Structures are given as C-alpha cells and as structure tokens.
Amino acid sequence: MTSHEHYRHYSFLDGACGDNAMGGECTPPISPAWFDYINFKFHPDDLIAICRIIFPEFSVIKEVTLLKKNTDGHLEESISKFIEHAKSGIQFEKEFNVFRIYELFSHADDASEESFYAASILLKKSWEISLLTAFPNKRFEVLLLNEAHDYGPTITFYQCRDEEV
C-alpha cells in the first residue's frame, strides 16, 4: 500500500461539475492554479462581495424567510401585505427568493453552460449550509431549476412546514 492510498480529499463541493474532478469541465478548469489567480487578481473586497452571494443574509417577515437581497428597497409593510395575500408561505418564498445565475454573471458571454451550471450547484450547496446555520431548528428546501422559462440556472428556497403560514 502506497502513501497515496491513505489520502482522500473530501469536500461538500465534490461532484459540482459532474463525475469529473471538481471544476474539470469549467472554463478555465478549477485547479491549484486558481490560488495564483486569486493571489494576483483578487482584492479582499472581492472575497467579501462574493461571500455575500455565497453566504447570503436572510430576513424573516411574518414567519416567512426571505433572501435579504430581494427585500432591499421594499418596505416591510408592503412585503407583509403581499405575504397576507399569498396562497401559502411556501409559494411566496419560492417566488420571492428567486436568484438567477445569468443575472449575476451578465458580462460572462464566453462562459460555458457547464460553468454556469457548476456555479449554480456550488451556490445551492452553500445556501443549504447558510440556511442550516442561520436557522438550525428549521428545515429548508433549496431548489436548483434549469427550465427554459427560468432564464438559465435559477436557485430558490422555501421553509418546509407542517402548517402553512
């Protein structure tokens, strides 16, 4: 048995680009060279901005959990009225918490569909972790949709409930 047989890498990011090594199908492929890319091209503020998407903030209004980014610019009273008129809390959360990957990377005309999809898988997993961390006593479903009418990979979430709000 060689020393390499004892070593195995584990990450919640495994499988983000299919069955190949994580990032192998992405353009450019994710590899240790990315450390150098970050080292020479990124500023700490870039990491902070990226983390605001990867680990988002949430707002809770009338027992409904919302992506804070989508509540910015709206009065709490207005959102409360929409919640009151919604068919269900789950339906309101699904529709309100929509995040479209293409809109985040509107400048990335040269990015492959595999790259967009890999980014959406990673974002879905990070949101699952964020929701679990922010609300350890609640259960959420994070959905990754990639339907033609969704304008590319789309992520949303809702709180699983026994009784509707």
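Is K62 exposed, partly exposed or buried, going by its relative accessibility? Keep that in mind as you go through these close-ups, which come from a predicted model.

**View 1. K62 pairs up with E84 in a salt bridge.** Here's the reply to the opening question: K62 has 41% relative accessibility, so K62 counts as partly exposed. Its partner E84 comes in at 51% and counts as exposed. Look for the closest N and O atoms of this pair, which sit 3.2 Å apart. E84 belongs to helix α4 (residues 76-85), while K62 is in the loop between β1 (58-61) and β2 (64-67), so the salt bridge ties together parts that are 22 residues apart in sequence.

**View 2. D72 and K68 meet through their side chains.** This is another salt bridge, with 3.0 Å from N to O. D72 is partly exposed, and its relative accessible area is 45%. K68 is partly exposed too, with a value of 28%.

**View 3. E93 and R161 form a salt bridge.** Find the closest N and O atoms here and you'll see a gap of 2.7 Å. This pair links distant parts of the chain, 68 residues apart: E93 is in helix α5 (residues 89-96), and R161 is in the segment after β5 (154-159). What about exposure? Both E93 and R161 are buried.

**View 4. The whole structure, for context.** Searching all of it turns up 4 salt bridges, including the one between E84 and K62. Why do such pairs turn up at all? Side chains with opposite charges can pair when their charged atoms come close.

Key. Residues numbered from 1 in each chain as written. Predicted model: local features only at pLDDT ≥ 70, side-chain atom pairs only at ≥ 80, totals over all residues. Heavy atoms only, no water. Helix = DSSP H or I, 4+ residues; strand = E, 2+ residues; numbered from the N terminus. Buried < 20%, exposed > 50% of the residue type's maximum accessible area, 1.4 Å probe, protein only.
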